[in-house]
Amino acid sequence: MAYILEKDQQGKECLFEAGTGKNYEKESLLLYRDDVAVVLLNRFPYANGHLLLAPSRHLGDINDLLPEESAALFNMIRESVAILKKHKNPDGFNIGLNLGTVAGAGHPDHLHFHVVPRWHGDHNFMTVLAEVRTIPEHIENTFDQLLPDFQKLLHSKGKNEQ
Ligand SMILES: [Zn+2]
């Protein structure tokens with residue numbers, strides 16, 4: 001978290017604006033983007049497959065979310081859980097939202113949910129929350145594994161809208 005905060009304070013662009021205009025971008029670990037929701041693979045994960053889900057709009061206050069954005073985000077959590085179940089076979093999930101720096105938000109200006117797959121015998125969530133943990137397993141491999149299903153999801157939504 002300290003590392004992420006430091007990057008933010010150096011005035012880099014918002015993490016969730018990475019790859020703006022694209023529906024995915026490997027370099028920024030952007031798995032999904034549509035008009036309302038963004039999904040990133042966390043570069044500093046607590047577990048392999050740790051996802052960050054945010055509204056496409058840059059906002060930090062949960063009360064600024066429109067009803068349709070709230071619904072789209074919750075639906076994206078549901079879809080993300082399904083995709084992680086399929087590829088990572090976890091025993092459970094932690095799904096959470098840190099509001100404000102005091103609550104541990106590394107990017108307090110842009111609301112985002114954490115979706116963290118869990119396995120029996122892995123580290124205690126609250127312990128791993130306290131430190132930045134880079135997973136030695138290759139994040140890029142996980143990206144390649146998950147991307148086709150997020151692309152499928154994007155294309156199925158496109159069809160529904162037509
Ligand atoms: Zn933003």
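In this predicted model, Lys 22 has a relative accessibility of 42% and therefore counts as partly exposed. Its salt-bridge partner is Glu 25, and the closest N and O atoms of the two residues lie 2.5 Å apart. Glu 25 itself is buried, since its relative accessible area of 14% falls under the 20% limit. The pair thus offers a friendly place to begin a tour of the charged contacts.

The search of the whole structure returns 6 salt bridges. Among them is the one between Arg 78 and Glu 79, with 3.7 Å between the closest N and O atoms. Here Glu 79 is partly exposed, at a relative accessible area of 22%. Another is formed by Lys 86 and Asp 149, whose closest N and O atoms are 3.1 Å apart. Lys 86 belongs to helix α2 and Asp 149 to helix α4, so this salt bridge ties together parts of the chain that are 63 residues apart in sequence. The two partners sit in contrasting surroundings: Lys 86 is exposed at 53% relative accessibility, whereas Asp 149 is buried at 12%. Lys 152 enters the picture as well, because salt bridges with shared partners join Lys 86, Asp 149 and Lys 152 into one network.

Helix α4 also matters for the next topic, the nonpolar interior. In general, nonpolar side chains of soluble globular proteins tend to be buried together. The largest nonpolar core of this model holds 26 residues, and Leu 31, Leu 51 and Phe 150 are the members that touch the most others. Two or more residues come from each of β1, β2 (37–41), β3 (51–55), α2 (67–88), β5 and α4. The greatest contribution is that of α4, with 7 residues. Leu 51 illustrates how these elements meet: leaving aside residues up to four places away in sequence, Leu 51 touches Leu 31, Val 39, Leu 40, Leu 41, Ser 80, Leu 84, Phe 113, His 114, Val 115, Leu 146 and Phe 150. A second core, separate from the largest, has 7 residues, including Cys 14, Val 38, Leu 52 and Ala 54.

Cys 14 leads on to the metal site. The zinc ion is coordinated by Cys 14 through SG, Glu 17 through OE, and His 58 and His 110 through ND1, at 1.9 to 2.3 Å. The angles subtended by the 4 donor atoms run from 89 to 132°, and the arrangement is tetrahedral because all of them lie between 85 and 135 degrees. Along the chain, the donors follow the spacing C-x2-E-x40-H-x51-H. Cys 14 and His 110 link distant parts of the chain, being 96 residues apart. Cys 14 lies in the loop between α1 (2–9) and β1 (30–33), while His 110 lies in the loop between β4 (92–97) and β5 (113–118). Both of these donors are buried: the relative accessible area of Cys 14 is 17%, and the relative accessibility of His 110 is 1%.

A last position returns to helix α4. Gly 158 is found in this helix, which covers residues 139–161. With 26% relative accessibility, Gly 158 counts as partly exposed. Gly 158 and Asp 34 are 124 residues apart in sequence, and their C-alpha atoms are separated by 9.5 Å in space.

Definitions and conventions:
Residues numbered from 1 in each chain as written. Predicted model: local features only at pLDDT ≥ 70, side-chain atom pairs only at ≥ 80, totals over all residues. Heavy atoms only, no water. Donors = N, O, S within 2.8 Å, 3.2 Å for Na, K, Ca; no water. Tetrahedral: all angles 85-135°; square planar, octahedral: opposite > 155°, others 65-115°. Helix = DSSP H or I, 4+ residues; strand = E, 2+ residues; numbered from the N terminus. Buried < 20%, exposed > 50% of the residue type's maximum accessible area, 1.4 Å probe, protein only. Core = buried A, V, L, I, M, F, W, Y, C linked by side-chain atoms within 4.5 Å. Contact = heavy atoms within 4.5 Å. Salt bridge = Lys/Arg side-chain N within 4 Å of Asp/Glu carboxyl O.
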